[in-house]
Amino acid sequence: MILAQSQILQCYNNFEVNEMKPITKKILQDTIRIRPTQSFKGTYGKIALIGGNQNFGGAIIMSSLGAVYAGVGLTTTITDSSNQSSLHNWVPEAMYLDYHDEPAVKALIANMDVINIGSGLGTDEKSLSLLKTVFASVSPTQILVVDGSAIDLIASNNLSLPKTKLIFTPHQMEWQKLSGVKIKDQNENTNLAAYNNLFKQQGSIVVVKSHRTQVLTPTGSFVNTVGTPAQATGGMGDTLAGIIGGFVAQFENTENAVLAAVYTHSAIADELAKKQYVVLPHQISEALPQFMKKNEA
Ligand SMILES: NC(=O)C1=CN([C@@H]2O[C@H](COP(=O)(O)OP(=O)(O)OC[C@H]3O[C@@H](n4cnc5c(N)ncnc54)[C@H](O)[C@@H]3O)[C@@H](O)[C@H]2O)[C@@H](O)CC1
Ligand SMILES: Nc1ncnc2c1ncn2[C@@H]1O[C@H](COP(=O)(O)OP(=O)(O)O)[C@@H](O)[C@H]1O
Ligand SMILES: [Mg+2]
């Protein structure tokens with residue numbers, strides 16, 4: 001069978017559309033900016049991170065560490081009161097608010113550039129109520145990073161999504177719940193098809209985490225080229241969510257900021273894994289300022 005030229009072009013175009021582009025080191029120089037002399041903490045964004053129930057306090061602490069060490073100007077951690085002193089031991093730069101005080105939560109998030117929700121949030125009634133409050137409060141100009149338990153809650157309660165800039169960070173099981181694509185069937189084509197059906201139109205970004213994380217955006221799809229099994233430890237995704245929040249709060253192009261955060265998280269792990277059997281999430285955060293300095297442009 002001989003294809004007409006227009007059909008060949010169509011095949012080529014389809015191929016181009018489905019081919020995921022590699023995320024490489026170049027994304028760092030496209031994203032991480034030398035800081036202007038005339039700036040102050042307000043220049044680098046305000047973030048609130050919501051999560052960490054009595055059992056999963058570590059998750060929101062690791063996430064907060066990621067955001068602060070990524071350089072966001074002001075960070076507030078909204079969590080269960082049992083986590084307050086550990087939070088301040090680990091990261092005194094972060095402010096604290098009790099997540100049971102929903103009127104105060106509403107008032108605070110109104111002033112944020114970025115809100116992260118879900119790391120260690122849990123899936124009980126309290127968690128659901130908080131998620132609904134946040135969904136009802138966010139505005140279209142804010143960025144909402146949705147991780148962990150918040151993804152489970154959306155899927156199991158079939159929640160409708162708020163009209164804001166959404167970034168989802170599911171691991172493969174969470175992506176299965178959110179998209180309906182079973183883990184065994186997840187690949188570049190099925191993930192992209194589900195993304196196009198469910199998330200593309202509203203302009204959301206989805207970070208499907210795995211040993212080679214995919215980033216699906218309205219303008220293209222990308223696959224990470226770095227990362228190590230030394231990262232396979234609890235809290236690694238919580239940390240990534242914090243770094244993503246920190247990058248999108250500071251850097252202008254949201255899509256590039258997400259790609260740069262995904263690359264940075266794994267590239268630091270690769271570096272540490274040259275000398276360590278396992279890389280701990282907090283070590284990645286602590287290495288961020290030096291890594292970002294080396295790669296600013
Ligand atoms: N120190 C802490 O406080 C931690 C809290 N965490 C929080 O705990 C909550 C539940 O987390 P998870 O749903 O990850 O943990 P779970 O262990 O509750 O659930 C994950 C389930 O998905 C399955 N699964 C299949 N493929 C997977 C993949 N590629 N990656 C991960 N799981 C896969 C697992 O076998 C498991 O059954 C989240 O809010 C999370 O943020 C976790 O991040 C772990 C550390
Ligand atoms: N074998 C691996 N190679 C590279 N990266 C990995 C590997 N295993 C896990 N990761 C990374 O670790 C993180 C795990 O995320 P997640 O399961 O949400 O962790 P948690 O919820 O415990 O913080 C993701 O960023 C994923 O890409
Ligand atoms: Mg997770």
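Before I show anything, one definition: when I speak of the axis of a helix, I mean a line fitted to the C-alpha atoms over the stretch in contact, and the angles I quote run from 0 to 180 degrees between N-to-C directions. Please also keep in mind that what we are looking at is a predicted model.

With that in hand, let me begin at the C-terminal helices, where the axes of helix α11, residues 254-273, and helix α12 come within 10 Å and cross at roughly 100 degrees. Since angles of 65 to 115 degrees count as roughly perpendicular, that makes α11 roughly perpendicular to α12. On the α11 side the contact is made by T264, H265, I268, A269 and L272, and these meet Q283, I284, A287, L288 and F291 in α12. If we sort that contact by class, we find seven nonpolar residues, three polar ones and no charged ones.

Helix α12, residues 281-294, also meets α10, and here the two axes come within 8 Å and cross at roughly 25 degrees. Angles under 35 degrees count as roughly parallel, and α10 and α12 are therefore described as roughly parallel to each other. The residues involved are M236, D238 and T239 in α10, which meet P281, I284 and S285 in α12, and they divide into three nonpolar, two polar and one charged. You will notice that I284 is listed in the contact with α11 and again in the contact with α10.

A further helix pair is α6, residues 125-137, with α7, whose axes come within 10 Å and cross at roughly 90 degrees, and that makes α6 roughly perpendicular to α7. From α6 the contact takes S127, L128 and L131, while α7 contributes S149, A150, L153 and N157; by class this contact has four nonpolar, three polar and no charged residues.

Let me step back to the whole chain. The protein has twelve helices and ten strands, and its C-alpha atoms fill a box of roughly 70 × 45 × 40 Å along the principal axes. For 297 residues, a compact globule would have a radius of gyration near 19 Å, and the protein has 19 Å, which agrees.

Now to the sheet. Which order do the ten strands take? They form an open sheet that reads β1-β10-β9-β8-β7-β6-β5-β2-β3-β4, with mixed pairing. The edges are β1, at 21-23, and β4, at 95-98, each with a single partner strand, so one side of each is left without a neighbour in the sheet. Neighbouring strands are turned by 20 degrees against each other on average, direction ignored. Within the sheet, β2 (residues 46-50) and β5 (residues 114-117) run parallel and are joined by four bridges, and L49 has N116 in β5 as its bridge partner. Packed on the sheet is helix α9, residues 188-198, which touches β8 (205-208), β9 (214-217) and β10 (220-224), and whose direction makes about 30 degrees with that of β9.

Finally, the two ligands. Ligand 1 is surrounded by 17 residues, the closest being G58, A59, G148, M173 and G234. Two or more residues of this shell come from each of α3 (57-70), α7 (148-157), α8 (172-179) and α10 (236-250). The shell around ligand 1 divides into five nonpolar, eleven polar and one charged residue.

Which residues come nearest to ligand 2? Of the 17 around ligand 2, they are H171, H211, G227, M236 and G237. Helix α10 gives the most to this shell, with four residues, and by class the shell around ligand 2 has four nonpolar, eleven polar and two charged residues. I would close on α10, because M236 is among the residues nearest to ligand 2 and also belongs to the contact of α10 with α12.

Definitions and conventions. Residues are numbered from 1 along each chain as its sequence is written. Chains are lettered from A and ligands numbered from 1 in the order in which they are written. This is a predicted model: local features need pLDDT of at least 70, side-chain atom pairs count only at pLDDT 80 or more; totals for chains, interfaces and linings use all residues. Two strands pair if DSSP finds at least two bridges between them. Two residues are in contact if their C-beta atoms, placed from the backbone, lie within 7 Å. A residue is near a molecule or strand if its C-beta atom, placed from the backbone, lies within 6 Å of it. Ala, Val, Leu, Ile, Met, Phe, Trp, Tyr, Cys and Pro count as nonpolar, Asp, Glu, Lys and Arg as charged, and the others, Gly among them, as polar. Angles under 35 degrees count as roughly parallel, over 145 as roughly antiparallel, 65 to 115 as roughly perpendicular and the rest as oblique. The radius of gyration is taken over C-alpha atoms; the globule rule is 2.2 Å times the number of residues to the power 0.38.
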